[in-house]
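Open the structure in your viewer and keep the selection tool at hand. Each stop below says what to select and what is there.

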Amino acid sequence: MSWASELPVELQRRPTGLVGLTGLDVTYNAIHKLIWDSFYNNRRSDRVPLQFKVFAGDHEYPKCRTNKRQSYEWYIPKGILKSGWMNKHLTMVPAVVVVFFDLDWDEPLWKEKQMECATRVEIVRNSLQGRGTKVAVVLIQKNAPLPPGEDMVAAERAASLCSACDLSAKQLYVLPHTDHLIGYTIRLENAFYELAQSYYHAEARKVKSHRDFLNKTTHQLLFVRHQFKIAFFNELKQDSHTALKHYKQAYGHLLDLRMHDTNLLEIKTIAGFISYKICRLSFQHTAPLDAIAQFRKHIDFFKSRVGCPELAFEHSAWMSKQFQVFGDLFDEAIKLGLTAIQTQHPGFYYQQAANHSISRKQLCRGLCKPLTQVFQPDPLESLNHLDFYGQRPWRQGHQSIEPPDVQREKEGVMALQSLEVTVDHSWLIIPLLSSAVAQFKKYKSPRMKRFLMVQMGEEYYHAKDYNKALMLLNKVTWDYRGERWWPLLTSILDISLKCAYLTAKVQEYVSACLELAGPYVKLSNEEKTRIQMNLTRIMSNDQPEPEPGLEPSCVENARLLWQTSLESPCVFTMDVQNFVPFVEYKAMFSSETCGADQEVELQVYIRVNCQFPIRFSKLSVQLNNAIYNDYCRVTDGHGISAASDGDFTDKDLYLVPGKTKLYTFTFLPVKDDINSQIEVSSMVLELGSETGRCALLRWMGGGGDALLTPFISPQVIGKPQIKHGEIQWNSVGVRPKTKVLPRTAKVDLDLCHQPPCLLNEFYFLSLTVNNKEDVDISNVRLSFGVKEDSSTNMADQLIQVCLDTPNLGDKTVNRISDIDVGTIPKGGQCTKKLYIKNLHTGTRIVFFKVEYEVSIPSRQGTMTCSCQKEEELSLNTVNPFEVSVKLLSMKFEALDMVQIHEPFLLSPELNCTSPWTIQMSASRLRLATNVCHVDKDVTSQLQGVSLNKSECASECFCLRTINPSPTAVSLGTYAVSWRRKTDEDIPYVDTIFPLPSVDTEFIPLSVDLRLPAFGGVKSLLPLSYIFQNRTPYPQELEVAMDTNDCFMFSGNKQFHFRVLPGVPYELKYNLFPLVAGHVNLPKLNFTLIGYPDPIDPVLQKMLPTHIFIKPCGKVLSQGT
């Protein structure tokens, strides 16, 4: 019985001390209403755990027993715990009563007000006579009080008021009605909390003091009661650890009680209360293992103590409630931060609670029946007003082993059984199962979740909520089907079929019939035949026969629903991947590939595994290109119940169980599908008529065996085997795709060129297309270019192509597509000139593709086919020549550094690396801004030069730097115009080479020596040294001429002079050569005054060191 297992509300509440507020007129006094709101509203967790209640000033509190028991010697307890005791101390008996009174310290009528306040306090004390409830007074004042010690009048009057009301100073408080009311309220709460704790501590000690008067012979129930009360008072005191200790002691005393059928229900009820408290406090103290251990101990002790056999369902109800309540406590602890694991979580307890409720329902069906007579008086009259928890209403307070009235006991048992019959147990079981499902889903236990969902579906079925039952069962059938649990699936489908029938859901009913009539479910052949007959009826727009085992009233309602559904057509689609029907389908293209000029052949195999033949109305195959769908249809013009006309035909959809039927479809591929796949996207088999009821069975892809779809992808096997004139189903493979290959092109591509390709040149290729077809080819299109390589950097793929003439724009074009060639007659040819300019060295793949159309004959007439042929060329690109650059002084000596404003020589040298002859057109320097030519007219020295492989050519340029500061200077670039020497008119191309950077230095003085190209022995040789000052300041210079045995000279041997800025200074010497040959010139040494570095080595590099001296010629005589 639910009344015997339910936990009272006051037990499940968190006990908090009760504080009564009197003297507040919350209805008519706005200030009092604000004060009450400040206490009652916004009870946050940081405020003290108290509950406040407004009482009238003359409220009558529960009376305390006046005759205090001094001894328990002759006292026999009538029960363990009174049903109203907890509620009395939670809501009726306050720990503190606070008297609110409007009184200021400067009240003119102080005496009268003081007397009125004392009277109110006395009235409250009289109402609480005999109880230890604390009384306090709060004075409501308009102004905030002064600091202590400053208001002497307030101190005197407070003492006077305490004396008049018989209060201590700690029981008188002041509440100013100011803007800071909530702050004063919280301070008052803390004071009330201390008073309440003192009260509950005294109450617990009072109960504990009775222990010495008890004996274990007749007062066993009192041991349990007193420990429970002490624990409860400690909970009200918010001392949960002490409360837990006393609850455990109470539970220990309870287990020591003598148990028999008359008191077992009361003991189990109180045991459930105490165990609940222990488990709740253990979870609260973050000791979940203690809570679990206590609950297991509790269940292990009481699970076999059923009690009265005729009321065994009460024990199942009690067990179910114990598991449910513990599951709730466990779940609440998890929400507060406790971590559960997959093997220990609330779902197991909810599941056990549901199992005990199911057992309760079964016991009810076996034990209970409605009353046939009315008992007077009613044994259950005081069922909801028991004096003690867990006692029988017809014998309250009775503690003997045998019932006092056997006949009355029988009547009470029969009344309880009759009351149990009225309970709808399914609505008790379903919430428990739902909670368990949520927990198992949370902790990732899918099989347990599915099992419980099946139980929920069954309970919804028993509760006659067939829609929800059908919805739940449909969610789990997929998993049981996939794991091949055929007995379980059969049971689930049977319930689903009944629910679908009772709710007249056509689609769900047809789906269940298609599966239950198949070979895999565990039903008898007779039952499968009956189900298939119902399927035929419903698809013939008729009502099905009712399922066996249904209640007549439910069947009658179902007939009305079916009759309503017949009034309108019903067409629905069912995806076969979601269930296992008795129909199987396989699609197979005759080959993996087919030509564009060949017919595509699609074979569709269908087999049924039902009890008797069945006729479908239409077969439709949908391909990825809808153009072919019209060629892949079969329509059966007969009705579903029509018999076979004889032999099978392609237009016949009459299927015999166990026999495989083949339907063949052929069609020509369209142009758009060349080089792509034709794929079976779905197949639809229609059962019934679109004007009545029509089920569209849809398979995705190529189908397969019923048990393999869609769990395992079917494999293609060899050609289907035929045995005894029948196709063997297991030998049929699945091939849902075929690729349409283009027709083989009958053209030749002849390519003429001279590899390798030279970098940056217009490489010439000649492409000839030869028509080898038997007819003319039309719409010929040519495409060529570079084949993109994803493994190569895009910057390395720079290449340009052009057609007919070597002319390129600014954009990089690496392919040209769809060059219209027109029509090439039979045996004819067409030649095109192609040019490729490669901007990087390396190997590139160049493709040449020809596309054309040709008309060929077919069974359906002449068809136009598109053909294409593509060839690739691996083209290697090399450098045509290598360039090296030399920097020389004016004496043709190598330079590492050049002087600013001083001339130097640049000599580029070209080494031909091309296997083909290179013809030069011109060369030129593109100098940087800080470099210029020394000569005014500069002409290319390579113009018209041709180089063969390994030959070299060089030229020389005289330059000087003009940069203002000594830095590294980039000289610019060197450009060469060239082409391959060939008969074709190919334009010259420019190849640009970067020139090196050169370091520059600044010298303050430069010198130039002017002298004849040669001299003669004993002939005058004039020399002239020209000095240039490169600075804005005058420079002091000393020179000294070394002696030389090869010359005599006239001039200053040592000379000191000044060189002005911008004015050249000339120093002259006359030399007289004494010897002939390549002779060393006399060395002139330089010293720059005031310059920190020696300048002589720098200036010596600017001067020639030798000169050629001719010997004296012999004078020939006239006769010679």
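**Stop 1: a salt bridge across the chain**

Select Lys 671. Lys 671 is exposed, with a relative accessible area of 54%. Bear in mind that this model is predicted. Now add Glu 853, which is buried at 19% relative accessibility. The cut-off for buried is under 20%. The two side chains form a salt bridge, with the closest N and O atoms 3.5 Å apart. Look at where each partner sits. Lys 671 is in the loop between strand E14 (661–667) and strand E15 (677–688), while Glu 853 is in strand E29 (residues 842–858). The pair therefore ties together parts that are 182 residues apart in sequence.

**Stop 2: a second link between distant parts**

Select Lys 869 and Asp 748. They form a salt bridge, and their closest N and O atoms are 3.8 Å apart. Lys 869 belongs to strand E30 (residues 861–878) and Asp 748 to strand E22 (residues 747–753), so this pair links distant parts of the chain, 121 residues apart. Colour by accessibility here. Lys 869 counts as partly exposed at 24%. Asp 748 also counts as partly exposed, at 31%.

**Stop 3: a salt bridge within one helix**

Go to helix H7 (residues 181–208) and pick Glu 203 and Lys 206. They are three residues apart, about one turn of the helix. Their side chains meet in a salt bridge of 3.3 Å, N to O. Which of the two is buried? Glu 203 is, with a relative accessible area of 10%. Lys 206 counts as partly exposed at 36%.

Next, select Arg 447, Arg 450, Asp 479 and Glu 483 together. These residues are linked in a network of salt bridges. How many salt bridges does the structure hold? The count is 40.

**Stop 4: an annotated region**

Select residues 263–517. An unreviewed UniProt entry lists this range as "domain: Trafficking protein particle complex subunit". Colour the range by secondary structure. The chain here is 70% helix and 0% strand. Put a distance on the two end C-alpha atoms: they are 56 Å apart.

**Stop 5: the cavities**

Rolling a probe the size of a water molecule over the atoms shows where empty space is left. The structure has seven cavities of 30 Å³ or more.

Begin with the largest cavity, which holds about 80 Å³ of space. Select its lining: Asp 261, Leu 264, Leu 265, Lys 268, Val 306, Gly 307, Cys 308, Leu 311, Glu 314, His 315 and Arg 392. Helix H10 (264–284) and helix H12 (312–335) are the elements that give two or more residues to this lining. H10 gives the most, with three residues. By class, the lining of the largest cavity has five nonpolar, two polar and four charged residues.

Move on to the second largest cavity, with about 70 Å³ of space. Its lining includes Leu 7, Tyr 276, Phe 295, His 298, Gln 322 and Phe 326. The elements that give two or more residues to it are H10, helix H11 (288–302) and H12. This lining has seven nonpolar, four polar and no charged residues.

**Stop 6: an open sheet**

Strands of a sheet pair through backbone hydrogen bonds, either parallel or antiparallel. Turn on the cartoon view. Four strands form an open sheet in the order E36-E34-E40-E41, with antiparallel pairing. Which strands lie at the edges? They are strand E36 (946–947) and strand E41 (989–994), each pairing on one side only. Now select strand E34 (residues 918–927) and strand E40 (residues 972–980), which are joined by nine bridges. Select Leu 925 to find one of the contacts: its bridge partner in E40 is Tyr 974.

**Stop 7: strand E42**

Finish at strand E42 (residues 997–1001). In a regular strand the side chains alternate between the two faces of the sheet. The covered face of E42 has Val 998 and Thr 1000. Its uncovered face has Ser 997, Asp 999 and Glu 1001.

Add the pairing strands. Strand E32 (residues 897–899) pairs with E42 in the parallel sense over three bridges. There, Gln 899 has Glu 1001 as its bridge partner. Strand E39 (residues 968–970) runs antiparallel to E42, and three bridges join them. Select Ala 968 last: it stands opposite Asp 999 in E42.

Notes: Residues are numbered from 1 along each chain as its sequence is written. Side-chain values use heavy atoms; hydrogens and water are left out. Buried means under 20% relative accessible area, exposed over 50%, partly exposed in between (1.4 Å probe, protein chains only). Two strands pair if DSSP finds at least two bridges between them. UniProt positions are given in the numbering used here, feature names are shortened, and annotations may be inferred rather than shown by experiment. On a 1 Å grid over the protein atoms alone, a cavity is a set of points where a 1.4 Å probe fits but cannot get out, and a pocket is an open set with protein on both sides within 12 Å along at least five of seven lines; lining residues have an atom within 4 Å of a point. Grid points are joined across faces, edges and corners, and a volume is the space filled by probe spheres set on the points. Ala, Val, Leu, Ile, Met, Phe, Trp, Tyr, Cys and Pro count as nonpolar, Asp, Glu, Lys and Arg as charged, and the others, Gly among them, as polar. A salt bridge is a side-chain nitrogen of Lys or Arg within 4 Å of a carboxyl oxygen of Asp or Glu.
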